[in-house]
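Let's take a walk through this structure together, one part at a time. Keep the view open and turn it as you read.

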Amino acid sequence: MDIVAELLAGSRLALSRAITAVENEYENATAIMQKLYPHTGRAHVIGITGPPGAGKSTLTDKLAKIYRRQGKTIGIVAVDPTSPFSGGAILGDRIRMNELTLDEGVFIRSMGTRGSLGGLSRKTADAVKIMDAAGKDIIFIETVGVGQSEVDIVKAADTTVVVLVPGLGDDIQAIKAGILEIGDVFAINKADREGAERLKAELDMMLDLDQVKAEWRPPINQTVASQGTGIEELIATIDGHIDYLAASGELARRRTARTRSELIALIEEHINRHVLKQISSSGQLDEMVASLEKRQEDPYAIVTRLLAAFLR
Ligand SMILES: Nc1nc2c(ncn2[C@@H]2O[C@H](COP(=O)(O)OP(=O)(O)O)[C@@H](O)[C@H]2O)c(=O)[nH]1
Ligand SMILES: [Mg+2]
């Protein structure tokens with residue numbers, strides 16, 4: 001049996017190997033993704049993002065346990081864009097999720113920046129597809145939410161939970177606009193700390209000003225993940241968002257937009273690679289640079305000429 005057939009039959013080893021192939025860009029990675037593509041699109045993908053130490057792993061662990069009790073199978077992709085480590089699981093996360101790692105119905109995988117940051121969002125999306133094809137009902141993507149590349153990672157999610165904590169000083173200043181936009185649900189974790197109510201009030205105010213969110217006003221939950229407080233309520237909120245997505249047609253719209261942008265990214269990547277390979281191996285690239293330096297040509301003329309040649 002090949003790796004995809006084994007994965008579809010439920011092999012954890014095959015699932016793990018498929019993700020490794022994608023992560024390390026092995027030669028068989030494309031063939032694997034091609035074969036499993038028809039089996040994707042079934043899982044509900046939940047993004048968990050927020051600053052480092054906010055309690056994302058603890059929260060994911062607690063959420064996963066409740067979904068497990070409902071009989072759902074779980075995949076977790078823990079992405080750390082600041083870590084060069086990948087494979088197995090980032091140590092801290094594995095310790096925080098150690099009960100889960102013993103559960104056959106849960107598959108946890110960590111990914112770091114083994115490639116470029118840009119490549120990381122594609123690889124994360126592929127890892128999600130692999131777990132999806134393997135039959136996981138709910139897939140979590142846990143990632144640090146600070147910059148644009150991390151926001152890109154969470155774009156593979158249907159429902160995004162933004163985790164915030166009180167006491168980060170100038171609370172609302174610390175919340176980047178980007179992170180506010182991607183949040184479908186907000187969780188103020190470490191609500192046992194001082195300032196949770198104030199943070200909620202400030203967040204409420206900002207969300208009320210956001211007209212784009214008229215149809216679905218992101219609810220704010222308070223949690224103490226380490227004690228399991230507020231987790232049932234958070235699940236109810238997430239499930240409410242899942243229902244809203246289905247009933248409003250927004251799920252279909254989001255998935256169409258995602259399919260489109262993934263295809264565009266792939267086309268760009270391949271055309272780029274193809275054209276650059278051809279002009280650099282033929283020495284044309286050097287000639288072009290020389291011509292530009294002598295001001296014999298301008299870059300726009302070169303690109304127009306190149307494009308015409310390739311379209312012929
Ligand atoms: N006081 C308090 N500590 C928490 C809470 N949730 C998580 N922690 C602790 O915060 C630390 C970071 O948690 P972790 O889940 O690794 O955060 P992550 O970096 O966002 O994944 C750990 O020591 C947790 O035990 C909470 O609600 N209250
Ligand atoms: Mg974590």
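Which residue in strand 6 is the bridge partner of Val-162? The partner is Phe-186, and this pair is a handy place to begin. First, a word on the ground rules: this is a predicted model, in which local features need pLDDT of at least 70, side-chain atom pairs count only at pLDDT 80 or more, and totals for chains, interfaces and linings use all residues. Residues are numbered from 1 along each chain as its sequence is written, chains are lettered from A and ligands numbered from 1 in the order in which they are written, and side-chain values use heavy atoms, with hydrogens and water left out.

Helices (H or I, at least four residues) and strands (E, at least two) are DSSP runs, numbered from the N terminus, and two strands pair if DSSP finds at least two bridges between them. Strand 5 (residues 159-164) runs parallel to strand 6, and 4 bridges join them. Further along, Leu-164 has Ile-188 of strand 6 as its bridge partner. On another pairing of strand 5, 4 bridges join it to strand 1 (residues 44-50), again in parallel, and there Thr-49 is partnered with Val-162. Strand 6 also pairs with strand 7 (residues 220-222) in the parallel sense, over 3 bridges; here Phe-186 stands opposite Ile-220.

Now look at how the side chains are placed. Buried means under 20% relative accessible area, exposed over 50%, and partly exposed in between (1.4 Å probe, protein chains only). In strand 5, 6 of its 6 residues are buried: Thr-159, Val-161 and Val-163 point one way, and Thr-160, Val-162 and Leu-164 the other way. Strand 6 alternates too, with Val-185 and Ala-187 pointing one way and Phe-186 and Ile-188 the other, and all of these are buried.

Next, find the magnesium ion (ligand 2), which is coordinated by Ser-57 (OG) and Glu-142 (OE) at 2.2 Å. Donors are N, O and S atoms within 2.8 Å of the metal (3.2 Å for Na, K and Ca), and water is not among the atoms, so sites may look incomplete. Ser-57 lies in helix 4 (residues 56-69) and Glu-142 in strand 4 (residues 138-144), so the pair ties together parts that are 85 residues apart in sequence. Both residues are buried.

Turn now to the largest pocket, which holds about 1600 Å³ of space. Of its 49 lining residues, the closest to its centre are Arg-122, Ala-125, Lys-129, Ser-261 and Glu-262. Helix 13 (250-281) is among the helices that each supply at least two lining residues, and its 13 residues are the largest share. A pocket is, on a 1 Å grid over the protein atoms alone, an open set of points where a 1.4 Å probe fits, with protein on both sides within 12 Å along at least five of seven lines; lining residues have an atom within 4 Å of a point. Grid points are joined across faces, edges and corners, and the volume is the space filled by probe spheres set on them.

Finally, two backbone details. Most residues other than glycine have a negative phi. Glu-25, however, has a positive phi of about 55°; it sits in the loop between helix 2 (12-23) and helix 3 (29-36) and is exposed, with a relative accessible area of 59%. Lys-190 also has a positive phi of about 55°, in the loop between strand 6 (185-188) and helix 11 (196-209), and is partly exposed at 24%.
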